Amino acid sequence: MNKNDIDLSIDFCGVKFKNPFLLSSSPVSNSAEMVARSFEAGWSGVVFKTLNSDTTPIIHPSPRMNGYGYGNKKLVGLQNVEMISDRPLKDNLADFLYLKKKYPGHVLISSIMGFSNDEWAYLAKVSQDNGADMLELNFSCPHMAVEGAGHHVGKAFDLIEKFTTTVKQCVSIPVIAKMTPNITDMTEPAIYAKQGGADAISAINTVSGISQIDLDGFTPKPNIFGIGSVSGTSGPAIKPIGLRFISDMAKCEDLSLPLSGIGGIETWVDALEYILLGASTIQVTTGIIHYGYGIVEDMIEGLTDFMVEKSIAKVQDLVGKALPNLKTTDKFDLKRQGRAEYDLTNCVGCGQCYTVCRDAAGFALEWDQEKRRPILNEDKCLSCMICSFVCPVSGIISYTEMPGTWKRQDACVMDRFLETQIKYQPFNAGHLISS
Amino acid sequence: MDKRYDFTQAWAEADRCLLCHDAPCSKGCPANTDPGKFIKKFKMQNIKGAIRTIKENNILGGACGILCPTARLCEKECASSLLDRPIQIGKIQEFLVRHGREIGFKVFEKPELTLEKVAVIGSGPAGLSCGAELAKKGYAVTIFEKMDEPGGVLRYGVPSYRFSKEYLKTELEDIINLGVKFECGHAIKKDSEAEDLLNKGFRAVFIATGLWDAASIFDEKPEGVYNSVEFLSSPHTGSLDILKDQVKDKKVAVIGGGSVAMDCAGFAASLGAKDVYLVYRRSFSQMPAEKDEKMESLENDIHFLILNQPKAYLTNDKGVVSGIKLVRTELSQAQGAQRRSPIEIKDSQWVLDIDLVVEAIGNKAFKDSNSLYPGVDIDDKKLIKAELDNCQTSKQGIFAGGDIVRGPALVVNAVCDGKTGANAIDSYLVRRRAKLTTKEG
């Protein structure tokens, strides 16, 4: 199999996408000028910045974002307090017409959010009438303080159903419902959306959070002239949350809707992980905020090479491929055990493995002060593998399974003589401690 | 662009640090600086703690961050070298000290100076470090400095482009804030004057006068020939303007191959010399200057005239130097561990036309320096005999450190001696106090 055999295109609710990579509804999809550039870069479609019906004037807070780093790494997370589009509806619709005329092969998804039934219907209708190929219902904007809007709807499940029903009654194009992650179980609201007629679910919107506090002003960031707010966290930091919700919905048989995965995607590996857990398209914002539209080139090339390597010709065949191996923790085979294995050929002698094993694991390492190298006491290794996470060199520490006869040493008890003084009786089910 | 780190750059460099379990960098500093500790603190956003770690150990931590040959000290054993390159410890250290000032962080509370008076002679790195350590312990310290301003080699021996005088000023402020008194323009020069301080209320004396008598190559030193001390101190002694005229668009030769020679060459270039020649009689690798200093000189377009031995100066009709008679050399056969020495090549004499010469072949103690402290034993180079682990001289109550004991050495070695001296003086005075109490009792 070679590159030419690979088909990255995917069918999502009957709409054909050249590849699974879309812009999500956000600052990166704010205007046709920007979206056109993204299409040129290789993105197959866009969820346009959520439309405003002009009834409520939108003014974005300033400053509207705060980058959140880890060590020297910037933008591990992003905090934002953006609102929906602040452009006049006419400008946005004119941009729709432009994009459809100039890029008929690309998919235009209109994101809408209403404050009332009528407004939902109105925005759905004008979107369809001006060329939108699909709708995404924004039930999850985290910055709406008004009841009955944004994430408040996403948490009031009957409203999800009601508004979805309204929209479905007045348009014929497919409708995606976008979920907030700021709940416990996403399958529940997703099923409400399905009952209202939603054709697909997208998730996740930003996670409600506070990532940093301005220590001089004692104000959460972004610090809007002395006031901060719980707001939307996005970026690589939230990928585990997004993957979890997508997999929950993918495994939910009552739902059985196509999924569009969002949350912390920057590379083809991130995108593929969403796909393997059941998403058939993926959407990106923070990755673009960090690196620009050009990252899609690497998503396309990277995913293509992976598919060649695995002899998988169609993206569709990757969708949900990891789901059969995703089970609850009680399904683990606990009889099989292993430990870390050390090959010190390229060790630089930093000893971070020693420190973390001593302070956070089984104290299975000793430190040779002369040679400045760790020595593994094999049968004390817990196989947590944290040593390998801090090791600065590839290939020194690996995992190896041990034969069934292998036994791990118990953690040491400091003073066995104290056993005689222990005040306890072994626990018996049903046993009550009398007072 | 400023080659010094800003916050982001220092942070990024610190992020590369592997935080070694038994940080080898922390064993490489003559003054016991603990980079493993201050970089970890920096990385854990404990920035003031990082600055405190540096400054409490070394009052001249910023200066050392700039001036230390870190490549062969703390950075030498850095485990990151095995991955790609060592952590730039000196640059992080310099940043942290500077950052501390920018945020107005004061490491030291002003101590109560209730203990004995101690005199320090010389305000170079050894004297400053000794004075600061003693003040931290509560001694009333006076530093005597013969020049008009304090700093010693940091002011008069290092060109500003390597170590700015504004930076020195801020390092000095920390010492002044500790309550150390400076008597500048006060030369200790009379016979026995250093020892006599013990009779003038000072209970101990630390001699840290350094080496300031520049060696010369020939007996004759015609006009237009400077030594490194005269040349590098010119910005602070009022002779800079004259020198500028003599150097700008002219051909300058610096004789020597050490760090000071590199500084002189760089300084001449910064004054606008047309061509600067470094004349050295041995090979490039034998030049004692640090590798990065040599590379910087090369990049600075300094011409390296290696394997050339100066034989004499030529002068014009006004008696001003106009050329150097040189003879080419080759290196002798290697004999065991001994370094190969230069041998003159027969009939290879030539003349380098030149407008100005700087001799930078090393400094020594002044000939009559011992007259200030006749009771102190010296060696044949007039260096004071003192143990490096206690700075104690042959005379009770007189301690010494820095170049006047070691011979030419690094700033960080002098800092180390200052600390050692302060601890030794403290022990000495504690013992003395105990004796007095016993007598009284």
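This is a guided tour of a predicted model, taken one selection at a time.

**The sheet of chain A**

Begin with chain A and select strands 5, 6, 14 and 11. These 4 strands form an open sheet in the order 5-6-14-11, and their pairing is antiparallel. At the edges stand strand 5 (65-70) and strand 11 (207-209) of chain A, each of which pairs on one side only. From one strand to the next, the twist averages 40 degrees.

Within this sheet, select residues 73-80 and residues 231-234 of chain A. These are strand 6 and strand 14, and they pair in the antiparallel sense over 3 bridges. Which residue of strand 14 stands opposite N80(A)? Display the pair, and the partner is found to be G232(A).

**Loops of chain A**

Next, select S62(A) and P63(A). A cis peptide bond joins the two residues, with omega at about -5 degrees. P63(A) belongs to the loop between strand 4 (45-51) and strand 5 of chain A.

Move then to A203(A) and I204(A). The peptide bond from A203(A) to I204(A) is also cis, and its omega is near 10 degrees. I204(A) is situated in the loop that runs between strand 10 (200-203) and strand 11 of chain A. Strand 11 is one of the two edge strands seen at the start of the tour.

The following stop is F218(A), in the loop between strand 12 (213-214) and strand 13 (219-220) of chain A. Although F218(A) is not a glycine, its phi is positive, at about 50 degrees. Is F218(A) buried or exposed? F218(A) counts as exposed, because it has 10 C-beta neighbours inside 10 Å, and a residue with 12 or fewer falls in that class.

Continue to M385(A), located in the loop between strand 19 (373-376) and helix 12 (386-390) of chain A. M385(A) likewise is not a glycine and has a positive phi, here of about 75 degrees. With 15 C-beta neighbours inside 10 Å, M385(A) counts as partly exposed.

**Where the chains meet**

Now show both chains together. In this contact, 11 residues of chain B touch 13 residues of chain A. The side contributed by chain B comprises 8 nonpolar, 1 polar and 2 charged residues.

**A pair of helices in chain B**

Hide chain A and select residues 35-43 and 47-57 of chain B. These are helix 2 and helix 3, whose axes come within 7 Å and cross at roughly 165 degrees. Helix 2 of chain B is therefore roughly antiparallel to helix 3 of chain B. The crossing of the two helices is left-handed.

To see the contact itself, show side chains on both helices. From helix 2 of chain B, K37(B), F38(B), K41(B) and F42(B) take part; they meet I47(B), G49(B), A50(B), T53(B) and I54(B) of helix 3 of chain B. By class, this contact has 5 nonpolar, 2 polar and 2 charged residues.

Which residues of helix 2 of chain B are buried? They are P35(B), G36(B), F38(B), I39(B), K41(B) and F42(B). The elements that cover them include helix 1 (7-16), helix 3 and helix 5 (89-102) of chain B. Just after helix 2 of chain B, select Q45(B), which takes a positive phi of about 65 degrees.

**The sheet of chain B**

The last region is an open sheet of 5 strands in chain B, in the order 6-14-7-8-9, with parallel pairing. Strand 6 (225-227) and strand 9 (303-305) of chain B are at the edges; each has a single partner strand, so one side of each is left without a neighbour in the sheet. The twist here averages 25 degrees from one strand to the next. Helix 10 (residues 228-237) of chain B packs on this sheet and touches strand 6 and strand 14 (356-359) of chain B. The direction of helix 10 makes about 80 degrees with that of strand 6 of chain B.

Finally, select strand 8 (residues 275-279) of chain B. Of its 5 residues, 4 are buried, so strand 8 is largely enclosed by the rest of the structure. Strand 8 runs parallel to strand 7 (residues 251-255) of chain B, to which 5 bridges join it. One bridge pairs V254(B) with L278(B) in strand 8. Another 3 bridges join strand 8 to strand 9 of chain B, again in parallel. On that side, Y277(B) has H303(B) in strand 9 as its bridge partner.

Technical notes: Residues are numbered from 1 along each chain as its sequence is written. Chains are lettered from A and ligands numbered from 1 in the order in which they are written. This is a predicted model: local features need pLDDT of at least 70, side-chain atom pairs count only at pLDDT 80 or more; totals for chains, interfaces and linings use all residues. Two strands pair if DSSP finds at least two bridges between them. Axes are lines fitted to C-alpha atoms, for helices over the stretch in contact, and angles run from 0 to 180 degrees between N-to-C directions. Two residues are in contact if their C-beta atoms, placed from the backbone, lie within 7 Å. Ala, Val, Leu, Ile, Met, Phe, Trp, Tyr, Cys and Pro count as nonpolar, Asp, Glu, Lys and Arg as charged, and the others, Gly among them, as polar. Angles under 35 degrees count as roughly parallel, over 145 as roughly antiparallel, 65 to 115 as roughly perpendicular and the rest as oblique. A crossing is left-handed if the near helix is turned anticlockwise from the far one by less than a right angle, and right-handed if clockwise. A residue is buried if 20 or more other C-beta atoms lie within 10 Å of its own, exposed if 12 or fewer, and partly exposed in between; C-beta atoms are placed from the backbone.
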